[in-house]
Amino acid sequence: MADSNITKRALAQNMKELMAEKPFNKISVGDICERCGMNRKSFYYHFQDKYDLVNWIFYTEFISNVRLEEQSSAWGLLDDICTYFYRERQFYRSALQIQGQNSFREYFVQVMAPFIMRFNQRVFPAMDQETHKFAFTFLTDAFTASMVRWLSEGAKLTAKEYLDQLRDLLVALARYIMTDLNSANGSCEYSF
């Protein structure tokens, strides 16, 4: 097993280096193997394809080190994700641009789904299943699009600055909505 992990890590490191040099769609399994000095058979023994390798990198570097079920707050998890993505921004700038089936975005949403669903149930306990589904899709799309934009524009803000701006935006938006509802209804009797 130790040899297997050494091989996987070598493939991962070389994939990260290649993704720093050129777009994902211009990288072939042959490129990865050539850079590692391995044959294609070794690659396919460990990974189904280059998408699987990108997802494995995220899983081993982030998910295996963060227990999603132990996160007590949404901000704690967001902070962990943003800090990690910022530290590895060159790689994730490219990874989040991958489109289509088996893309990193698809995998990222799949991994985050249980946490977002739990968050929805905590924040909106009285919602019906259809509304939970809408909220899940909205939150997932909004967060993913925001992360992609932040990283693809060069992550000019640090993770902390990005999260501070996100928090300020959400607080201001919540205040505005509550004020608007109060003035429209004459009271604050709105509930989910």
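**Exercise 1. Cysteines**

Find how many disulfides this predicted model holds, and state what Cys33 does.

*Solution.*
Step 1. A disulfide needs two cysteine sulfur atoms within 2.5 Å.
Step 2. Take Cys33: the nearest cysteine sulfur belongs to Cys36 and is 6.8 Å away. Cys33 is therefore in no disulfide.
Step 3. For the whole structure, the count is zero disulfides.
Step 4. Now check burial. The cut-off for buried is under 20% relative accessible area. Cys33 has 2% relative accessibility, so Cys33 counts as buried. Cys82 has 0% and counts as buried as well.

**Exercise 2. The overall fold**

Describe the protein by its helices and strands, its extent and its contacts.

*Solution.*
Step 1. Count the elements: there are nine helices and zero strands.
Step 2. Write them in sequence order. The pattern is α-α-α-α-α-α-α-α-α.
Step 3. Box the C-alpha atoms along the principal axes. The box is roughly 70 × 35 × 30 Å.
Step 4. Look at burial. The protein has 192 residues, and 38% of them count as buried.
Step 5. Look at contacts between residues at least 6 apart in sequence. Of these, 61% join residues at least 24 apart.

**Exercise 3. H5 against H8**

Two packed helices are described by the angle between their axes and the distance between the axes. Use both to describe how H5 and H8 meet.

*Solution.*
Step 1. Locate the helices. H5 covers residues 74-87 and H8 covers residues 129-152.
Step 2. Give the distance and the angle. The axes come within 11 Å and cross at roughly 30 degrees.
Step 3. Classify the angle. Angles under 35 degrees count as roughly parallel, so H5 and H8 are roughly parallel to each other.
Step 4. Add the hand: the crossing of H5 and H8 is right-handed.
Step 5. List the residues that meet. H5 brings Leu78, Ile81, Cys82, Phe85 and Tyr86. H8 brings Phe143, Met147, Trp150 and Leu151.
Step 6. Sort the residues of this H5-H8 contact by class. Nine are nonpolar, none is polar and none is charged.

**Exercise 4. H5 against H7**

Repeat the analysis for H5 and H7.

*Solution.*
Step 1. H7 covers residues 104-123.
Step 2. The axes of H5 and H7 come within 11 Å and cross at roughly 160 degrees.
Step 3. Angles over 145 degrees count as roughly antiparallel, so H5 is roughly antiparallel to H7.
Step 4. The crossing of H5 and H7 is right-handed.
Step 5. Ala74, Leu77, Ile81 and Phe85 of H5 make the contact with Phe104, Phe108, Met112, Phe115 and Phe119 of H7.
Step 6. By class, the contact of H5 with H7 has nine nonpolar residues, no polar ones and no charged ones.
Step 7. Compare the lists. Ile81 and Phe85 of H5 appear in the contact with H8 and in the contact with H7.

**Exercise 5. Two single residues**

Are Ser94 and Ala142 buried, partly exposed or exposed?

*Solution.*
Step 1. Place Ser94. This residue is found in helix H6, residues 89-95.
Step 2. Ser94 has a relative accessible area of 13%, so Ser94 is buried.
Step 3. Set aside neighbours within four places in sequence. Ser94 is then in contact with Met19 and Phe24.
Step 4. Place Ala142. This residue lies in helix H8.
Step 5. Ala142 has a relative accessible area of 38%, which means that Ala142 is partly exposed.
Step 6. Add a distance. Ala142 and Leu173 are 31 residues apart along the chain, and their C-alpha atoms are separated by 14 Å.

Key:
Residues are numbered from 1 along each chain as its sequence is written. This is a predicted model: local features need pLDDT of at least 70, side-chain atom pairs count only at pLDDT 80 or more; totals for chains, interfaces and linings use all residues. Side-chain values use heavy atoms; hydrogens and water are left out. Axes are lines fitted to C-alpha atoms, for helices over the stretch in contact, and angles run from 0 to 180 degrees between N-to-C directions. Helices (H or I, at least four residues) and strands (E, at least two) are DSSP runs, numbered from the N terminus. Angles under 35 degrees count as roughly parallel, over 145 as roughly antiparallel, 65 to 115 as roughly perpendicular and the rest as oblique. A crossing is left-handed if the near helix is turned anticlockwise from the far one by less than a right angle, and right-handed if clockwise. Contact means heavy atoms within 4.5 Å. Ala, Val, Leu, Ile, Met, Phe, Trp, Tyr, Cys and Pro count as nonpolar, Asp, Glu, Lys and Arg as charged, and the others, Gly among them, as polar. Buried means under 20% relative accessible area, exposed over 50%, partly exposed in between (1.4 Å probe, protein chains only).
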